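Take a look at the structure below. Keep it in view while you read this short report.

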Amino acid sequence: MLYGAFALIRSLVCGDKELCTKQSPSKPLRMLDHWDNADGSIERGYSGNSFFFKDGRLLVNERSVTYARLLASVGINAAAINNVNVKGPATKLITDEYYAPLSELSEILDGYGIKLFLSLNYAAPMELGGLDSADPLDERVAAWWEERMRETFAALPGLGGFVVKADSEGRPGPFTYGRTHADGANMLARAVRPYGGRIIWRCFVYNCQQDWRDLKTDRARACCDNFEPLDGLFDDNVILQIKNGPVDFQVREPVSPLFGRLKKTNCMAEFQIAQEYTGQQRHVCYLIDFFKQVLDTRMYTGEEKDTVGDIVCGMTAVSNTGDDFNWTGHDLAGANLYGFGRLAWDTSLSAEQIAREWICMYYGRDAELSDTVCDILMRSWPVYEKYNAPLGIGWMCTPGYHYGPDPDGYEYSRWGTYHKATHETIGLDRTPSGTGMTEQYNEPLKSIYAHPEKCPDELKLFFHKLPYDFRLQSGKTVIQHIYDTHFEGAEEAAEFVELWKKLEGKMDGGRYERVLSRLIEQSISAAEWRDVINSYFWRKTMIPDEKGRELY
Ligand code: GCW
């Protein structure tokens, strides 16, 4: 009834001729992960502060209801409301300090078909329970969790379960005790099982204390290295949450190879609509086509249905919402929130169909307006990629903050994200002659990625170390590709401003001005990316631009 009502409204608003439709969701679990902290800040939040938390308190108000309706209107049916980095007061969300407001929130969400999830602190038995260990095989630890979960589910019967970030970026986990992630996840899964709870266990586990001089360790391998050997060892109420790519939400990455390697384990895909690396909601970057490409990628598991979309039981996205009155900071980032939900509901929809729908719902049915906004949205991800780091290499952004260019910012850091540019070559050899990461894919992906000619251009520098005069499938050399795409990307970003200006008078309530000011900022930032990246490579290589454009 709920989804039918929203589908009817959508059809009426969009002027569909056929109002009768029969639909069922592509995926049972369609989720949002909020990285909201108890103090009201949001990790990687670009649209104000949290509307769930303020100064350690949980907020339940009119916005909670609007939020639930907003999510339900696009088919989302689960939400984890606190940051996966669970620290301070957030650890206590599973205590009676928070049960009363949580129960209120859970009921509101439930009214819209949404299950409340919380993120857990793996070390809670120590931080809350006063134990001297969080060892998953220690009976005292398991007993502590059982008791805590008994109490928590009694207070919050609608709770869906928990998301866990363990042994990742300084967060505690089973590795401390020489245990595996299956040991850790199963201990929790058993504690929540009697209440129908689920444990969503993140696979974002890698060594973030890498020495950049160490040429053997490859962060991109970590997800498969850590989790593939555990296939089949997880309880059936555990779901492994795998980031779309093997590293971390860059504008372009190959699909995580782990999707192709789990035969006996539930898994879901984690995307990021919070635009951490894609312009922080100050740039327009409509990501749905990228997500769609991920879902459509065949993993060659030997099963008949073998795309990522076939393999996963659900999808989640790191949310781009905050307490800004338009929810997402950039009005056009609303298309990512809307689009993610719609895609999770129906993975067969195209990014353009979804964009058109969103435009209709948000701006109305004016044809010129629809064409222009759709044109901007559909070009926005490719444009962002053009002026960002080239050919899948990623990470040429300002360390920590992740906005704006800094080509060597991460090069000598501990984060395992290196491009290794010299005056002759750039890129990491991930083939068997290098780190061997390509071996984690099934054939034919394995051979395609390992072969410098066959590897798709957009991933060339993700998988290969290549000379600047290497010829891409496009016929261009690597260096000329870098120059050309950066000039083009900045030009197109400037063009977005002109396109938008044509829409003046076609929308009200500040919607024109808000987007215009962000597009202007984007065009300035894109020019900065262009000049910093191009100059960086010009200075490294001293190879001139064939077209003689200005380099610095
Ligand atoms: O992309 C990185 C972010 C961290 C984040 C981490 C993760 C929540 O920079 O801020 O922490 O990923 O996914 O756990």
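The report starts with the whole chain and then turns to the ligand and three residues.

## The chain as a whole

This is a predicted model. The chain has 552 residues. Its secondary structure comes to 16 helices and 12 strands. Along the principal axes, the C-alpha trace spans about 70 × 55 × 50 Å.

How does the radius of gyration of the chain fit that of a compact globule? For 552 residues, such a globule would have a radius of gyration near 24 Å. The chain has 23 Å, so the two agree.

## Inside and outside

Of the 552 residues, 60% count as buried. The chain still exposes about 21100 Å². Carbon and sulfur atoms supply 51% of that exposed area.

Contacts also link distant parts of the sequence. Take the contacts with a separation of 6 or more. Residues 24 or more positions apart account for 71% of them.

## Around the ligand

Which residues are the closest to the ligand? They are E43, K165, R202, D248 and E276. In total, 15 residues surround the ligand. This shell divides into four nonpolar, three polar and eight charged residues.

Some side chains can be paired with oxygen atoms of the ligand. For K165, an N or O atom of the side chain is 2.6 Å from a ligand oxygen. For R202, the distance from a side-chain N or O atom to an oxygen atom of the ligand is 2.6 Å. For N85, a polar side-chain atom lies 3.2 Å from an oxygen atom of the ligand. How much of the ligand does the protein bury? Taken alone, the ligand exposes 340 Å², and the protein buries 97% of that.

## E276, beside the ligand

E276 is one of the residues closest to the ligand. Find E276 in the loop between strand 9 (267–272) and helix 8 (288–296). Is E276 buried or exposed? Its relative accessible area is 4%. Buried means under 20%, so E276 is buried.

The side chain of E276 has two polar contacts to look for. One joins E276 to the side chain of Y277, at 3.2 Å. Another joins E276 to the side chain of H402, at 2.8 Å. Now leave aside the neighbours within four places in sequence. E276 is then in contact with W35, R44, Y46 and H402.

## S168, in another loop

Where is S168? S168 is found in the loop between strand 6 (159–164) and helix 6 (181–192). Its relative accessibility is 1%. That is under the 20% cut-off, so S168 counts as buried.

Which residues does S168 touch, not counting those up to four places away in sequence? S168 touches F204 and V205.

## D371, on a helix

D371 has its place in helix 12 (residues 367–387). Its relative accessibility is 41%. Partly exposed covers the range between 20% and 50%, so D371 counts as partly exposed.

The side chain of D371 makes a polar contact with the side chain of R356, at 2.7 Å. Next, look from D371 to A526. The two are 155 residues apart along the chain. Their C-alpha atoms are separated by 23 Å.

Notes. Residues are numbered from 1 along each chain as its sequence is written. This is a predicted model: local features need pLDDT of at least 70, side-chain atom pairs count only at pLDDT 80 or more; totals for chains, interfaces and linings use all residues. Side-chain values use heavy atoms; hydrogens and water are left out. A residue is near a molecule or strand if one of its heavy atoms lies within 4 Å of it. A polar contact is a pair of N or O atoms within 3.5 Å; within protein, one must be able to donate a hydrogen and the other to accept it, and residues adjacent in sequence count only if both atoms are side-chain atoms. Accessible areas come from the Shrake-Rupley method with a 1.4 Å probe; for residues, only the protein chains shown count as cover. Ala, Val, Leu, Ile, Met, Phe, Trp, Tyr, Cys and Pro count as nonpolar, Asp, Glu, Lys and Arg as charged, and the others, Gly among them, as polar. Helices (H or I, at least four residues) and strands (E, at least two) are DSSP runs, numbered from the N terminus. Buried means under 20% relative accessible area, exposed over 50%, partly exposed in between (1.4 Å probe, protein chains only). Contact means heavy atoms within 4.5 Å. The radius of gyration is taken over C-alpha atoms; the globule rule is 2.2 Å times the number of residues to the power 0.38.
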